[in-house]
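Reader: I'm new to this one and would love a close look at a single part. Could you take one residue as a way in and then walk me through what surrounds it?

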Amino acid sequence: MNFLTDPNIAFVLLVSGFVLAVLALFAPGTGLVELGALFALALAAYSLASLPINVWALVILILGVIPFVLAMRKTRHWVFLLIGIAALVVGSIFVFRNPEGGLAVNPLLAGIVSLVAAAFLWLIGRKSLEAIGLKPVGNREAIIGKRGEARTDIYLEGTVYVGGEEWSAHSRTRIPIGSLVRVVSRDGLILDVEPVSPEELAAG
């Protein structure tokens with residue numbers, strides 16, 4: 001796996017892994033995005049262990065995940081989205097260094113990849129935050145108790161169809177695709193659901 005010791009390839013893998021991880025945070029679903037993120041980050045981790053790095057840049061990169069979480073699940077403010085994107089760009093560009101301590105990643109590659117990643121994350125992030133705003137907060141309790149259908153296998157995260165819309169969902173138990181579910185609570189665009197028991201189905 002000598003190609004993983006090329007800082008340019010390692011940089012692309014690292015950025016790709018973080019972009020996929022953030023995408024999974026904003027839109028959890030089938031698990032394919034999560035697997036892609038895990039695979040890319042695992043390869044990037046090998047590169048990080050094999051190449052000279054700037055620890056301060058790696059710290060910025062890791063801490064940059066926090067603003068994305070705050071933007072999506074807590075404050076839902078675009079300023080945190082900008083902070084997260086900036087941390088990803090700065091951290092990923094400077095994390096790999098050459099033996100002399102300078103930038104190891106090709107500047108042109110770093111600029112293009114960072115620009116594409118930043119634009120993609122901004123677009124996805126803003127659309128997700130706007131979608132939260134479109135779903136009326138005043139009626140956030142109205143969906144609680146409603147039944148719907150699991151559109152994916154749900155274990156911790158997945159997708160359900162409730163009230164004429166698709167939602168990201170969380171469950172403490174495994175729910176197979178196609179199962180009937182009930183909404184227990186809601187946090188923004190994330191529904192906490194549970195499976196409807198056979199007894200309830202028989203009773204209607």
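In which strand is Arg147 found?

Author: Arg147 is found in strand E1, residues 147-150. Before we go on, a word on the model: it's a predicted one, where local features need pLDDT of at least 70 and side-chain atom pairs count only at pLDDT 80 or more, while totals for chains, interfaces and linings use all residues. Residues are numbered from 1 along each chain as its sequence is written, and side-chain values use heavy atoms, leaving out hydrogens and water.

Back to our residue. Arg147 counts as partly exposed, because its relative accessibility is 36% (buried is under 20%, exposed over 50%, partly exposed in between, using a 1.4 Å probe and protein chains only). Going by C-alpha atoms, Arg147 and Val162 sit 6.4 Å apart in space, though they're 15 residues apart in sequence.

Now step back to the sheet. E1 belongs to a closed barrel of five strands, in the order E1-E2-E3-E5-E4, and the pairing is mixed. (Strands here are DSSP runs of E, at least two residues long, and helices are runs of H or I with at least four, both numbered from the N terminus; two strands pair if DSSP finds at least two bridges between them.) On average, neighbouring strands of this sheet are turned by 55° against each other, direction ignored; axes are lines fitted to C-alpha atoms, and angles run from 0 to 180 degrees between N-to-C directions, with helices fitted over the stretch in contact.

Follow the barrel from E2. Strand E2 (residues 158-162) runs antiparallel to E3, joined by five bridges. One of the pairs to look for is Val160 with its bridge partner Trp167 in E3. The hairpin of E2 and E3 has two residues between the strands, and Gly163 takes a positive phi near 60° there.

On the E5 side the direction changes: E3 (residues 165-170) and E5 (residues 190-195) run parallel, with three bridges between them. Try finding Ser168, which stands opposite Ile190 in E5, and then His170, which stands opposite Asp192 in E5. Strands of a sheet pair through backbone hydrogen bonds, either parallel or antiparallel.

How does the barrel fit into the chain? The secondary structure comes to seven helices and five strands, running α-α-α-α-α-α-β-β-β-β-β-α from the N terminus on. Of the 204 residues, 40% count as buried. Among contacts (heavy atoms within 4.5 Å) with a separation of 6 or more, 59% involve residues 24 or more positions apart.

For a contrast with Arg147, have a peek at Ser47 in helix H2, residues 32-50. Ser47 is buried, because its relative accessible area is 0%. Leaving aside neighbours within four places in sequence, Ser47 is in contact with Leu4, Ala10 and Phe96.

While you're among the helices, find H3 (residues 55-63) and H5 (residues 78-94): they pack at an angle of about 150°, with their axes 8 Å apart. That makes H3 roughly antiparallel to H5 (under 35 degrees is roughly parallel, over 145 roughly antiparallel, 65 to 115 roughly perpendicular, and the rest oblique). Trp56, Ala57, Ile60 and Leu61 in H3 meet Ala87, Leu88, Gly91, Ser92 and Phe94 in H5.
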